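Me: I am new to this structure and would like the reasoning behind a few of its labels. Please start with the term that the first answer depends on.

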Amino acid sequence: MLTLGIESSCDDTSCAVLKDKDEVLSCVVSSQDDIHSLYGGIVPELASRRHIEMVVPVVEEALKRAGVGITDIGAIAATRGPGLVGSILIGLNFAKAVAYAHKLPLIGVNHLEAHAQAAFLKDKDGAGATTPEFPFIALIVSGGHTSLLYVTDHTSYELLGQSRDDAAGEAFDKVAKLLGLGYPGGVAIDRLSKGVDPGLVEFKRPIISKGNLEFSFSGIKTAVLTYLKKNNIEKEDLSEDVIAPIASGFQEAAVDVLVKKCVWAMEAKYTDNLVISGGVACNSRLREKLSLLSEKEGFKFFAPPPRYCSDNAAMIAFLGGQMLSAGDESGLDLNATPDFLS
Ligand code: KG4
Ligand code: ZN
């Protein structure tokens, strides 16, 4: 059975074809970075308009790469939230139209729950061959969310903690902006920090309190701004030599907090399986630190390949297939839901 997945919750239009629930035959992602980088952040109206232009070509390309036609598809899954409602509605309504025209079951999928399942995706090249065991802790770190979930099966989880203010990715993007790097900034900070001693410029870790599983990232962005002001670093001084130690120090502080809270979550729930997902889960320092710590402490750490950590439709199709097996099908009256728990 083939599942078609559609993702349009934010600024990427994506479509994937999955075989037997977990094997990715194709996953096409059309990025909108070219539009939003001009404004230093996502402009929702422009995101919706680009989704309208891209949804048909992206679906056609995904079917082509999978070597199948729309009549071979057995079910269609689409993101129903959380995210930008105007963007979600484009993918969701397209999915409804296809489901209606081809008499296919429709499954509306929670984008964040889908991120938590990304470690189960398998490629033909064998990526994702070993999968986590339930129950596991999932750290979902993206531009809009920083959440720790206790995941008990493909469709059940408990929210353990989330950010009280900025998401981790938002902090990376805002600090990147302060340092004169483009949008999205996470990748630029990651690249710039490589091989740079993170101890040269140190920032306080926003821990809140020991064992607490909530996050707060807005203070660390202010700390970077304060550092620039205190050291009289103006826009014209932002050369690579000047900003690299700041970027590396910020990244280290953010990563330390994420790592610590993952460990506390595993301790609190007596589980030794950890999954990370979301755009910030592409961060090389986060992956390196968790990987080293997992070897030292003996827990099992799963980081999906970056293409399945950032926004993609393969994870939507995967969770949609699982939900359908559990009898969770949506009606054509399904609406977009901007909030996490709805
Ligand atoms: O999950 P995602 O693709 O989109 C959503 O927000 O749902 O995440 C995008 C976020 C952006 O804030 C981006 O700066 C961040 O992920 N990001 C990174 C890296 N790659 C992407 N942050 C740190 N290091 C990276 N390598
Ligand atoms: Zn996401």
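Reply: A molecule sits in a pocket if more than half of its atoms lie within 2 Å of the pocket's grid points. The model here is predicted, and in it ligand 1 sits in the largest pocket.

Me: What makes the pair formed by G279 and ligand 1 a polar contact?
Reply: The cut-off is 3.5 Å between N or O atoms. A backbone N or O atom of G279 lies 2.9 Å from an oxygen atom of ligand 1, so the pair counts as a polar contact. A polar backbone atom of G186 is 3.0 Å from an oxygen atom of the ligand, and for V280 the value is 3.5 Å, again from a backbone N or O atom. Taken alone, ligand 1 exposes 550 Å², of which the protein buries 88%.

Me: Which parts of the chain surround ligand 1?
Reply: At least two shell residues come from each of α4 (111-116), α5 (168-178) and α6 (186-193). Domain 1 (2-128 + 308-325) and domain 2 (136-303) each give at least three. The shell holds 20 residues, with G143, D173, D190, G279 and N283 the closest.

Me: How do you know that the peptide bond from G81 to P82 is cis or trans?
Reply: Its omega is near -10°, and the bond is cis. P82 lies in the loop between β4 (75-81) and α3 (85-102). The bond from F134 to P135 is also cis, with omega near -10°. Most peptide bonds are trans.

Me: What makes D20 worth listing?
Reply: D20 has a positive phi of about 50° although it is not a glycine. Most residues other than glycine have a negative phi. D20 is in the loop between β2 (12-19) and β3 (23-31).

Conventions:
Residues are numbered from 1 along each chain as its sequence is written. Chains are lettered from A and ligands numbered from 1 in the order in which they are written. This is a predicted model: local features need pLDDT of at least 70, side-chain atom pairs count only at pLDDT 80 or more; totals for chains, interfaces and linings use all residues. Side-chain values use heavy atoms; hydrogens and water are left out. A residue is near a molecule or strand if one of its heavy atoms lies within 4 Å of it. A polar contact is a pair of N or O atoms within 3.5 Å; within protein, one must be able to donate a hydrogen and the other to accept it, and residues adjacent in sequence count only if both atoms are side-chain atoms. Accessible areas come from the Shrake-Rupley method with a 1.4 Å probe; for residues, only the protein chains shown count as cover. On a 1 Å grid over the protein atoms alone, a cavity is a set of points where a 1.4 Å probe fits but cannot get out, and a pocket is an open set with protein on both sides within 12 Å along at least five of seven lines; lining residues have an atom within 4 Å of a point. Helices (H or I, at least four residues) and strands (E, at least two) are DSSP runs, numbered from the N terminus. Domain bounds come from an automatic or database domain assignment.
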